[in-house]
Amino acid sequence: MVLADLGARLHGALSQLSRAPVVDDQVLDALLKELTAALLESDVNVKLVASLRNKVKTKVKKSLEESAAAGGREVNRKNVVQKAVFDELVALVDPGVEPYKPIKGKANVLMAVGIQGAGKTTTCTKLAVHYQRRGFRTCLVCADTFRAGAFDQLKQNATKAKIPFYGSYTETDPVAIASLGVEKFRKERFEVIIVDTSGRHKQESELFEEMVAISNAVKPDMTIMVLDASIGQAAEGQSRAFKDSADFGAIIVTKLDGHAKGGGAISAVAATKTPIIFLGTGEHMNDLERFAPQPFVSKLLGMGDMQGLMEHMQDMARANPERQKEMAKKLEQGKFSLRDWREQLSSIMNMRLTYRGSLSKIASMIPGLPAGVMDGSEEEATMKMKRLMFITDAMRQDELDSDGLIFFSFDKAGHPVGLNRRARRVARGSGTSLREVEELLAQARMMAGMARQAGGQNGWCVSHLFHP
Ligand code: GDP
């Protein structure tokens, strides 16, 4: 899991908040202190942290004052604080700029730049695999003639991933190789053409000159800077230096699997107003996670990533177009039964076969799963998923076909007031707890709600997390 330590600490701080009987100034200060310490340890810039702290405080105060002025309606202080923390963490990693998105049916040229060792070549292959999986005709061009072995590395990766590639052992002019490769693949109607460039020269100025020359020759739709997370907040300086010489439109931060300074790198990049599009989370081809501020923070805090989860599901459904149509229709109409949720859970379990050992990653996208699953082992994730399956196994057919409301008691006005006897039976029958049954119902309900709201698009609303 990306930034597991930071996530666990932030999640821990918010859990303490949930356990406090009342949220007074003292509790809020303790939370902010823990939050501040966790962010600083992750190498987030001290000024950014101080500003986040003040903003949360101001927001909470304002929100409570407003509710008092509006007639003193009792507000849930915990929700107010949680929401303020969530929003400010999102603001911390949000550059407020939308990145370029490759378009089907045209040649989208993506050029990767960055210093040697940042993970450029590895990331280019990961990117190629990503777009290929999403139905783009994808290929790779190696324009790194400076580093001996660069072409071999790309060739090896590309062959393994079955991605067409272009490069040369004899041509020494990177601009010529890039032009020839891009031209060839354009003619062959490739849709995503990824150009890997050199990351080192005798002189730094030569490196930048070369980047500009390649860029002028291939006219990329998006230049992506690849940046190593271990440099922490120094990422801001490095990306600015690159930007001054060769402008780029997006960033991929790599090596977030092993570095405590990841929070620093991500927030430093956001400060340069350039969108991060992906995070590299390991050496394997599948270790690439799409980055978007809200889902990232949501996942960091153990609240899941519905958007990512839905994307994964769409990926899976692609293998079975008939089922995909059926599921898309259901999702659009918000007709999502517990049986559907069970089917999704079981496909997630099966995904381990396709996506090597990444069940805990997928599990971390599911709202309501405890933080332990996120940083925990594969066995833990598997066990948690199995327990969810036990719950659905203990349900009757009519219950599986329902939206889950069947497990609630209602007051006279028709509002659900709690789980009913059947829910307790299911918990007992499946050897799980009522809390787990409640979690599962909340997930299925959230899934239906998100689907309805998104209507097949990607938009979603944070308030769901707090008022599911
Ligand atoms: P380049 O010089 O920028 O092209 O970097 P490479 O692609 O050759 O990567 C340098 C090293 O970093 C290699 O050993 C990669 O396996 C490793 N690497 C790249 N991305 C990641 C990542 O996200 N996580 C980890 N742990 N290692 C990575």
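Author: Ala, Val, Leu, Ile, Met, Phe, Trp, Tyr, Cys and Pro count as nonpolar, Asp, Glu, Lys and Arg as charged, and the others, Gly among them, as polar. The model is predicted: local features need pLDDT of at least 70, side-chain atom pairs count only at pLDDT 80 or more, and totals for chains, interfaces and linings use all residues. Residues are numbered from 1 along each chain as its sequence is written.

Reader: How do the residues of the shell around the ligand divide into nonpolar, polar and charged?

Author: The shell holds one nonpolar, twelve polar and five charged residues.

Reader: What makes a residue near the ligand, and which come nearest?

Author: A residue is near a molecule if its C-beta atom, placed from the backbone, lies within 6 Å of it. Of the 18 residues around the ligand, Gly119, Lys120, Thr121, Thr122 and Gly280 come nearest. Helix H5 (residues 120–133) gives the largest share of the shell, three residues; helices are DSSP runs of H or I with at least four residues, and strands are runs of E with at least two, numbered from the N terminus.

Reader: Why are the buried residues of H19 said to line one face of the helix?

Author: In helix H19 (residues 421–430), the buried residues are Ala423, Val426, Ala427 and Ser430. Seen down the axis of H19, they fall within an arc of 100°, so they line one face; the arc is that of the directions from the helix axis to the C-beta atoms. Buried requires 20 or more other C-beta atoms within 10 Å of a residue's own.

Reader: What share of the chain is buried?

Author: Buried residues make up 44% of the 468 residues.

Methods. A residue is buried if 20 or more other C-beta atoms lie within 10 Å of its own, exposed if 12 or fewer, and partly exposed in between; C-beta atoms are placed from the backbone.
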